[in-house]
Amino acid sequence: MKLRLDDVALRVGRDDHLYPMSLDVAPAGITVLLGPTLAGKTTLMRLMAGLDAPSQGKVLVDGHDVTNVPVRKRKVAMVYQQFINYPSMTVFDNIASPLKLMQASDIGQTVESLAKRLHIDHLLDRLPAQLSGGQQQRVALARALAKDAPLILLDEPLVNLDYKLREELREELTQLFASGSSAVVYATTEPSEALLLGGHTAVIDKGRLLQYGRTIDVFMRPATLAVARAFSDPPINLVKGRLQHNVLEIEHGPRIALHAPLTAEQPEVTVGIRAGDLKVQQRPGDVHFESRVELAEISGSDSFVHVSSRLGALVVQMVGVQGFEIGQNLRLHMDPGSIYVFDHAGRLLLAPEVVQSREHHAAATAAAVQKESQGGGDGAH
């Protein structure tokens, strides 16, 4: 199935809920809608499903205009945040309900197969009220899959589950959809979830489509500062910088030689450093600066250390449980090849793969800085 949103927008009264956007949903794959609460993800899904019609633009399925085709005439399955199951029906009957409407054959075999794949085959005789939250959501997912719809819409389906259940179900869903033929659209507020699901990601904020592409490409090369902020968990560290020919001067921090001069309207830039790219251990070619520990916290299998520095307040992400004392001085290191640079308007100028390789960086930095100190710089470009 090929689903295309062609310049769609939604305006209700004087309020713009969605601004004009075009989007090709990946066929037989996962498309993630990533954005904060009230970004417009659910609104966009309702247009895809046919629950609402856009104010402008078209919804195309395999090249055919289905903009005004109601949801009951479309082959769509949808799973919401809440566990929506029929309370008076057993798990078996819940899963079987769409199959009965379609007058499908081998209903029993299909239900048992789906239940087994979602690890609820031992619960088929129970009512939803007798199930845990994770089990109820598995039932809702099984019922959606039973429709065998070419388009499956999942609107933050794991948000109400605890951490352990989310991890389990997320891994199961990734495997489940990888082996299927349906186009899957998955809405989430969590950047880490988008990375785990893979596929393609559309970053949405305040009703606008900011960027769309392969998930890893959007993550590695955010087109704007807004995308970098939206696709970072913990938030990307942002500090001030200034371009001087082929040297980047981080305010109150190290100077970094660039592979080539950057073209920018103004020399003032914003430098982005992901929390996981700040290290305590020094590696060849690293630059460093001093900081002070303000807070250390553990989340899952990672430690997050909040520090103050002359660069500003920063967050450092480390694997495992790390013990740091409040007020402890900490020298932080980073690979110059891991930084992002955005111009004064928030547009991407430099992403990690464009920066000079680590092996040549130490010598290049020394040579470039020496040239600048001797007045050899040509200013920002």
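When the angle between two helix axes is under 35 degrees, we call the helices roughly parallel. Keep that cut-off in your pocket, and remember as you look around that this is a predicted model.

Let's start with the whole chain. There are 381 residues here, and 47% of them count as buried. The secondary structure comes to 9 helices and 21 strands. If you follow the C-alpha trace along its principal axes, it spans about 80 × 50 × 40 Å. Now think about which residues meet which. Take the contacts between residues at least 6 apart in sequence: 66% of these join residues at least 24 apart.

Next, zoom in on some helices. Two packed helices are described by the angle between their axes and the distance between the axes. Try that on H4, which covers residues 133–146, and H5, which covers residues 163–178. Their axes come within 11 Å and cross at roughly 15°. Put that angle beside the cut-off from the start, and H4 and H5 are therefore roughly parallel to each other. Their crossing is right-handed. Who does the touching? On the H4 side you'll find Gly134, Gln137, Arg138, Leu141 and Leu145. H5 brings Leu165, Glu168, Leu169, Glu172, Leu173, Leu176 and Phe177. Sort the residues of this contact by type and you get 7 nonpolar, 2 polar and 3 charged.

H4 has another partner, helix H2. The axes of H2 and H4 come within 7 Å and cross at roughly 25°. That makes H2 roughly parallel to H4 as well, and this crossing is right-handed too. From H2, the residues Val91, Asn94, Ile95, Ser97, Pro98 and Leu99 meet Val139, Ala142, Arg143 and Ala146 of H4. The residues in this contact divide into 7 nonpolar, 2 polar and 1 charged.

Now for H3, which runs over residues 107–117. Which of its residues are buried? They are Ile107, Val111, Leu114 and Ala115. Look down the axis of H3 and these buried residues fall within an arc of 100°, so they line one face of the helix. Here's some background that helps: an α-helix has 3.6 residues a turn, so residues three or four places apart point the same way. The cover over the buried residues of H3 includes H2 and H4, the pair we just met. On the other side of H3, Gln109 and Lys116 are exposed. Step just past the end of H3 and you reach His119, which takes a positive phi of about 60°.

That brings us to the backbone oddities. Most residues other than glycine have a negative phi, and most peptide bonds are trans. Besides His119, have a look at Ala28, whose phi is near 50°, a positive value in a residue other than glycine. Ala28 is in the loop between strand E2 (15–25) and strand E3 (30–34). Is Ala28 buried, exposed or partly exposed? With a relative accessible area of 47%, Ala28 is partly exposed.

Glu156 is another one to find: it isn't a glycine, yet its phi is positive, at about 45°. Look for Glu156 in the loop between strand E7 (151–155) and H5. Is Glu156 buried or exposed? Its relative accessibility is 12%, so Glu156 counts as buried. Leave aside the neighbours within four places in sequence, and Glu156 is in contact with Lys41, Gln81, Ala187, Thr188 and Thr189.

The peptide bonds have a surprise of their own. Asp233 and Pro234 are joined by a cis peptide bond, with omega at about 5°. You'll find Pro234 in the loop between helix H8 (225–230) and strand E11 (237–244).

Let's finish on a strand. Leu295 belongs to strand E16, residues 287–299. With a relative accessible area of 40%, Leu295 is partly exposed. How far apart in space are Leu295 and Val315, C-alpha to C-alpha? They are 9.4 Å apart in space, with their places 20 residues apart in the numbering. As for what Leu295 touches, not counting residues up to four places away in sequence, look for Phe304, Val305, His306 and Ile326.

Definitions and conventions
Residues are numbered from 1 along each chain as its sequence is written. This is a predicted model: local features need pLDDT of at least 70, side-chain atom pairs count only at pLDDT 80 or more; totals for chains, interfaces and linings use all residues. Side-chain values use heavy atoms; hydrogens and water are left out. Axes are lines fitted to C-alpha atoms, for helices over the stretch in contact, and angles run from 0 to 180 degrees between N-to-C directions. Helices (H or I, at least four residues) and strands (E, at least two) are DSSP runs, numbered from the N terminus. Angles under 35 degrees count as roughly parallel, over 145 as roughly antiparallel, 65 to 115 as roughly perpendicular and the rest as oblique. A crossing is left-handed if the near helix is turned anticlockwise from the far one by less than a right angle, and right-handed if clockwise. Contact means heavy atoms within 4.5 Å. Ala, Val, Leu, Ile, Met, Phe, Trp, Tyr, Cys and Pro count as nonpolar, Asp, Glu, Lys and Arg as charged, and the others, Gly among them, as polar. Buried means under 20% relative accessible area, exposed over 50%, partly exposed in between (1.4 Å probe, protein chains only). The arc is that of the directions from the helix axis to the C-beta atoms.
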